[in-house]
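Let's take a stroll through a protein model together. Have the picture open beside you and follow along as we go.

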Amino acid sequence: MQGRFFDGLDSTAHAAELRFEAGSLVIEADGRTHVWSARDLFVDVHADEARISRRGSDARLVMAASAWRQLAAGQGRVRRNSAAGGRGLVIGLMVAAAATALVVFVGIPMASGPLARATPIAYEQQMGESYNAQISTIFPTCDGEAGQAVLQGLADRLSAQSDTPFPIRARVVRAPMVNAFALPGGHVLMTGDLIEAAETPDEVAGVLAHEIAHVERRHVMQSVWRSLGAGMLLDLVVGGGTGAGQQAVLLAGQASELSFGRQAEAEADDVGRGFLHRQGLSSRGMGDFFERMAEDEIDTPERVDQVSEWWMTHPNTERRIEAARAAERAGAPALSQQDWERLRATCRSDQDEAARQSRLPVEVVRRPGNDPMPGQADKVGQH
């Protein structure tokens, strides 16, 4: 039987005579004889061509598929069905993908709770400082020191009722969204827009208590471990070098990525209400705020975008709002009217400064000692 033999040393094709003898394939090509045991043969039949190779060798034979079938008649043990092999590969890849998905979506979330509780306190605090530094470059702290002190004072009162191992450090940040979020290690950030959206200090207290509850229950570290675990697994699956694990760490420090499941949100609501009740504060503000955030009666499209940020990281359900209403209690107001005004003014000085900066070129032109050049006064007044 005729075929073409490639010795694996170069790309030259050698005419070959082929036959089976005593369970081996005998190849005579270019004046040399090669004997391949039938047990070591691999055959890939595609269309009208058969490619025969041997385990542990780069050499190969190429011949017509019909000729190979004739040659290998009676040698069934060496015949390999390439279609079956392809199906096996596909099935293997599907099984591997299913196993990976199972680990990412079931195994890692299940392990994140025990891992979070086992994370050393000092390690989480160090991680929190790193995330806080990252996020501060995106959401700077508002300048109103009096308002910041009011928020921290409220956080101190609520955290005194908690069992968290971390000192709670709360602050108001400047960001174009209605949101609040906790970072690892006890940092709690609340946007100026959220405080502006709140109608009473009890609403702010409800949101703050909710975030402190996330810290106490280590929900933040659970979220971080889920991101880290998925990222490292993806690095492993694709062979490393993608930086997926590192990217997960960075994303964990971003507000939009620090989201929790419905179960964790419901738990934080319940635990946060406990803080308010033990402090003797009203918990009605929690339900008030949730309900208003879920309403469609928002004045402008921009407001809709801002409020949607809240529900991206704090999923809304009717059951959650109903639970807040069913468990709420009356109590003392969270802040005095004077402190409430101070808190609401925390970011306003930043807004005033931004407005002042936008007018600065005109004021510089008109400041004493720098009068406009003749003929420029009318141009300045037109701006």
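We'll start with the sheets, then turn to the helices.

Keep in mind that this is a predicted model. Before looking at the sheets, a bit of background helps: strands of a sheet pair through backbone hydrogen bonds, and they can do that either parallel or antiparallel.

Begin with the sheet of seven strands. It is open, its pairing is antiparallel, and its strands line up in the order S4-S3-S2-S1-S7-S6-S5. What stands at the edges? There you'll find strand S4 (32–37) and strand S5 (41–46). Each of these two has a single partner strand, so one side of each is left without a neighbour in the sheet. If you go from strand to neighbouring strand here, the average turn between them is 30 degrees, ignoring direction.

For a look at one pair inside this sheet, find strand S2 (residues 14–21) and strand S3 (residues 24–29). They pair in the antiparallel sense over six bridges. Pick out Glu17, and you'll see that its bridge partner in S3 is Glu28.

Now hop over to another open sheet, this one built from three strands in the order S8-S10-S9, with mixed pairing. Its edge strands are S8 (169–173) and S9 (180–182), each of which pairs on one side only. Here, neighbouring strands are turned against each other by 15 degrees on average, again with direction ignored. S9 pairs with strand S10 (residues 187–191) in the antiparallel sense, over three bridges. Within that pairing, Val188 in S10 is the bridge partner of Ala182.

This sheet has helices for company. Helix H4 (residues 145–159) lies across S8 and S10, running at about 145 degrees to S8. Helix H6 (residues 201–216) lies across S8, S9 and S10, and it runs at about 150 degrees to S10.

Last stop: helices packing on each other. Two packed helices are described by the angle between their axes and the distance between the axes. Helix H10 (residues 284–294) packs with helix H12 (residues 318–327) at an angle of about 155 degrees, and their axes are 8 Å apart. That angle makes H10 roughly antiparallel to H12. As H10 passes H12, the crossing is left-handed.

Which residues make the contact? From H10 come Arg284, Gly287, Asp288, Phe290, Glu291 and Ala294, while H12 brings Arg320, Ile321, Ala324 and Arg325. Sort them by class and the contact of H10 with H12 has five charged, four nonpolar and one polar residue.

Note on methods. Residues numbered from 1 in each chain as written. Predicted model: local features only at pLDDT ≥ 70, side-chain atom pairs only at ≥ 80, totals over all residues. Heavy atoms only, no water. Axes fitted to C-alpha atoms, helices over the stretch in contact; angles between N-to-C directions. Helix = DSSP H or I, 4+ residues; strand = E, 2+ residues; numbered from the N terminus. Parallel < 35°, antiparallel > 145°, perpendicular 65-115°, else oblique. Left-handed = near helix turned anticlockwise from the far one by under 90°. Contact = heavy atoms within 4.5 Å. Nonpolar A, V, L, I, M, F, W, Y, C, P; charged D, E, K, R; others polar. Pairing = 2+ DSSP bridges.
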